[in-house]
Amino acid sequence: MIDRVAPTRRPKGKPVGYQSWRSLLFMHWPVPVEQLRPLVPSSLELDLHEGIAYVGLVPFAMFHVRPWWAPKSLGFNFLETNVRTYVTVDGRPGVYFFSLDAASRIGVWTARTFWGLPYFYASMKMRQIDDMRCYRSVRTVGNRHHEVSCRVGELLPASGPTSLEFFFLERYLLFLQRRDTLYCGQVHHSPYPAHLAEILNLDDQLLAAAGLTECHGLPPFVHYSPGVDVEIFPLRPI
């Protein structure tokens, strides 16, 4: 039994850092389980919604990224795009990242060195014009690029734990396999305010770079959130 509500509760203890996530565009494609399974460590179970596996592509902006002891004014601001899917460990639902591109050399080095996450440095831009959002990224290693623009639509009501919106957006755990050890990290924030969104154009190479060749064309599921403020908790071995 998968408990999708428990990870939304704030864990005990002190956060190790703070971040503000803004202008998040969530794009999702269904993907055949037989294609996805070899790309995810065997220690992780695929998390399916009504029997279907999904892959997400999520560009957004990060503000005030800092350790717990640093004032907000000293935080880093940069753009990020992640390629991810959904997994479970012992009934706990979370995220598995194939890649994370970020426009901060310090952020990439820190995440790779101390968290072991597959970050890549990229040159990135984001524009906001009325209800339009435009994101562009070029990875410096391999020259993989990503460009998308969207129009933000209506605000959705709060989603319930069994809904597809909750499945896509309300993810508070990440799982990471590093050598022979499985790790879990947790974040805490208020539920995402979510809007429907329409993709105007998309040119992406990040999905294919992750081996997800079945994810092509416009995504059938698109959501946008203006953002949330986030507490980051320690990465712990399971």
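How do the residues of the lining of the second largest pocket divide into nonpolar, polar and charged? There are 9 nonpolar, 4 polar and 5 charged residues, where Ala, Val, Leu, Ile, Met, Phe, Trp, Tyr, Cys and Pro count as nonpolar, Asp, Glu, Lys and Arg as charged, and the others, Gly among them, as polar. The structure described here is a predicted model, in which local features need pLDDT of at least 70 and side-chain atom pairs count only at pLDDT 80 or more, while totals for chains, interfaces and linings use all residues. Residues are numbered from 1 along each chain as its sequence is written, and side-chain values use heavy atoms, with hydrogens and water left out.

The pockets make a good starting point. On a 1 Å grid over the protein atoms alone, a pocket is an open set of points with protein on both sides within 12 Å along at least five of seven lines, a cavity is a set where a 1.4 Å probe fits but cannot get out, and lining residues have an atom within 4 Å of a point. Grid points are joined across faces, edges and corners, and a volume is the space filled by probe spheres set on the points. The second largest pocket has a volume of about 280 Å³. It is lined by 18 residues, with Pro11, Arg92, Leu173, Cys184 and Gln186 closest to its centre. Strand 10 gives the most to this lining, with 3 residues; helices (H or I, at least four residues) and strands (E, at least two) are DSSP runs, numbered from the N terminus.

The largest pocket holds about 930 Å³ of space. Among its 39 lining residues, Gln19, Met62, Trp115, Tyr119 and Ile232 lie nearest the centre. By class, the lining has 28 nonpolar, 7 polar and 4 charged residues.

Enclosed spaces come next, with 2 cavities of 30 Å³ or more. The largest cavity has about 40 Å³ of space, and strand 3 (53-67), strand 4 (76-89), strand 6 (119-129) and strand 7 (132-139) each supply at least two residues of its lining. About 30 Å³ lies in the second largest cavity, which is lined by Arg4, Pro93, Phe166, Phe167, Glu170 and Arg171.

Glu170 also appears in the surroundings of histidine 189, which is in contact (heavy atoms within 4.5 Å) with Trp21, Glu170, Tyr172, Val228, Asp229 and Val230, leaving aside neighbours within four places in sequence. Histidine 189 sits in the loop between strand 10 (181-188) and strand 11 (195-204). With a relative accessible area of 4%, histidine 189 is buried (buried means under 20%, exposed over 50%, partly exposed in between, with a 1.4 Å probe and protein chains only).

Aromatic rings offer a further view, with 10 aromatic pairs in the model. Rings of Phe, Tyr and Trp (its six-membered ring) pair if their centres lie within 6.5 Å, and planes under 30 degrees apart count as stacked, over 60 as edge-to-face and the rest as tilted. Tyrosine 54 and phenylalanine 221 are edge-to-face because their ring centres are 5.8 Å apart and their planes at 80 degrees. Tyrosine 54 lies in strand 3 and phenylalanine 221 in strand 12 (residues 221-232), so the pair ties together parts that are 167 residues apart in sequence. Tyrosine 54 is buried at 6% relative accessibility, whereas phenylalanine 221 is partly exposed at 27%. Both belong to one aromatic cluster, formed by Tyr54, Tyr86, Phe167, Phe168 and Phe221.
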